[in-house]
Amino acid sequence: MIAPPLPADSWLVKPAHQAWLNAEGLRLLPFARASRVEDGFAALDERGALPPDAIAELIHTTRMTHCFALAHLQGIPGYGALVDHGVAALQGRLRDEVAGGWFADATRKSDKTAYLHAFVALAAGSAQAAARPGADLLLEEAIGILERHFWSEEEGALRESFSRDWSEEEAYRGANSNMHGVEAFLALADVTGDSVWLQRALRIAERLIHGHAAARGHAVVEHFDRQWQALPEYNADNRADPFRPYGSTPGHSFEWARLLLHLEAALLRAGLEAPGWLLDDARGLFDSACRDAWHADGSPGLVYTLDWHAQPVVRARLHWVQAEASAAAAALLRRTGESDYEQWYRCFWEFTGRHFIDLCQGSWHHELDTENRPAATIWPGKPDLYHAYQAVLLPRLPLAPSLATALSAV
């Protein structure tokens, strides 16, 4: 695949824009350093401080370890030790040394979920790419857990969750966990050199996107029963759930669009066939999310969720949705060279710069209300470096290999 030329005036080729993305990444990183706690990394408040009841959580420990590995790979001093702390934490209290796998937090009382274990694999892969001590053993264990418990060869997708001892399985299948499985599998393909992970990622994408989403006008279907029958009314009484919200989630449409293009590029890079629907569905996902979610309620911004008639449900503006929108626009622009994606890319960054980036207290506001004022109904504080940091890295890199491997080669 030969990428077409970018528009002559594209921000992606402007040195000043590339410098701005780099500077924004350097601004984000120090804020996140404060998340370190004894057993891993914990959520920060809006000022970048640990609350009194801070506890190490798997989601933050894995995502911080991944991001700090990316920083280390860029040659930014001071982040290698934080990667090592994350690797040690994932071999410490967050790990179930009896039954295997990892707990959601340091209380060690949770079930085992595919969503969080995908992030363990991602963090391990990034630490391995950064050549950090202990990463190889962590990576081997993470792969073993994925293959032993979560990956279903019959379904071509990830099972959702199990009880602590793996004896009971949840009668649910989720698009969110499988989406992050695709992300992790792309990284695993790069650090292991085994293309089976690309074939697995393709099977997930074919089921969830080329099958279910394409049939619904490229609105991502999030919730399914164990037989992969859609559950369109799932969480109708808990519509703003941060992980399993009711309806469709435009932010995931953007995220999936980007991942389909990474998968296409990775397959071709490995000398494998990349079906044409990967690009077609990436376009469809992006177009439907822009059409239905941007200014959906008459006010600027992208709403969090939509119902099955493309009407806003939860109107909050979340930072991760905005981050994924700009990253998807950049990926489609790089893949197609089409000026429409350039305009969306600029539009999304202009909105982010005006409303989400917090130059006073640091990082990005994680949530805005319908008037684009800071809010905290879904995501209190500023616990997440992952989405914002990747948003400033992805436009500067090719579509393949995956982030850590790409940065290790720069």
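The exercises below, each with a worked solution, concern helix packing, pockets and backbone geometry in a predicted model.

**Exercise 1.** Describe how helix H7 packs against helix H9, and state which residues make the contact.

Solution.
- Step 1. Two packed helices are described by the angle between their axes and the distance between the axes.
- Step 2. For H7 (residues 196-215) and H9 (residues 277-293), the angle is about 50° and the axes lie 11 Å apart.
- Step 3. Angles of 65 to 115 degrees count as roughly perpendicular and those under 35 degrees as roughly parallel. H7 is therefore oblique to H9.
- Step 4. The hand of the crossing of H7 and H9 is left.
- Step 5. From H7, the contact takes in Leu202, Ala205, Glu206, Ile209, His210, Ala213 and Ala214. Their partners in H9 are Trp277, Leu278, Asp281 and Leu285.
- Step 6. Sorted by class, the residues of this contact are eight nonpolar, one polar and two charged.

**Exercise 2.** Characterise the largest pocket by its volume, the residues closest to its centre, the helices that supply its lining and the classes of its lining residues.

Solution.
- Step 1. The largest pocket holds about 800 Å³ of space.
- Step 2. Its lining counts 46 residues, and Ile59, Tyr115, Pro242, Phe243 and Trp379 are the closest to the centre.
- Step 3. At least two lining residues come from each of H2 (58-73), H4 (114-129), H6 (175-192), H8 (250-269) and H10 (319-336).
- Step 4. The lining divides into 22 nonpolar, 13 polar and eleven charged residues.

**Exercise 3.** Do the same for the second largest pocket, then find the cis peptide bond that involves two of its lining residues.

Solution.
- Step 1. The volume of the second largest pocket is about 170 Å³.
- Step 2. Its lining consists of Ala189, Asp190, Gly193, Asp194, Ser195, Leu198, Ala266, Arg269, Ala270, Ala400, Pro401 and Thr405.
- Step 3. H6 and H8 each contribute at least two of these residues.
- Step 4. Six lining residues are nonpolar, three are polar and three are charged.
- Step 5. Ala400 and Pro401 are both in the lining, and the peptide bond from Ala400 to Pro401 is cis, with omega near 5°.
- Step 6. Pro401 sits in the loop between H12 (386-393) and H13 (403-409).

**Exercise 4.** What is the phi value of Trp166, and where is this residue found?

Solution.
- Step 1. Trp166 has phi near 70°, which is positive although the residue is not glycine.
- Step 2. Trp166 belongs to the loop between strand S6 (161-162) and strand S7 (173-174).

Methods. Residues are numbered from 1 along each chain as its sequence is written. This is a predicted model: local features need pLDDT of at least 70, side-chain atom pairs count only at pLDDT 80 or more; totals for chains, interfaces and linings use all residues. Side-chain values use heavy atoms; hydrogens and water are left out. Axes are lines fitted to C-alpha atoms, for helices over the stretch in contact, and angles run from 0 to 180 degrees between N-to-C directions. Helices (H or I, at least four residues) and strands (E, at least two) are DSSP runs, numbered from the N terminus. Angles under 35 degrees count as roughly parallel, over 145 as roughly antiparallel, 65 to 115 as roughly perpendicular and the rest as oblique. A crossing is left-handed if the near helix is turned anticlockwise from the far one by less than a right angle, and right-handed if clockwise. Contact means heavy atoms within 4.5 Å. Ala, Val, Leu, Ile, Met, Phe, Trp, Tyr, Cys and Pro count as nonpolar, Asp, Glu, Lys and Arg as charged, and the others, Gly among them, as polar. On a 1 Å grid over the protein atoms alone, a cavity is a set of points where a 1.4 Å probe fits but cannot get out, and a pocket is an open set with protein on both sides within 12 Å along at least five of seven lines; lining residues have an atom within 4 Å of a point. Grid points are joined across faces, edges and corners, and a volume is the space filled by probe spheres set on the points.
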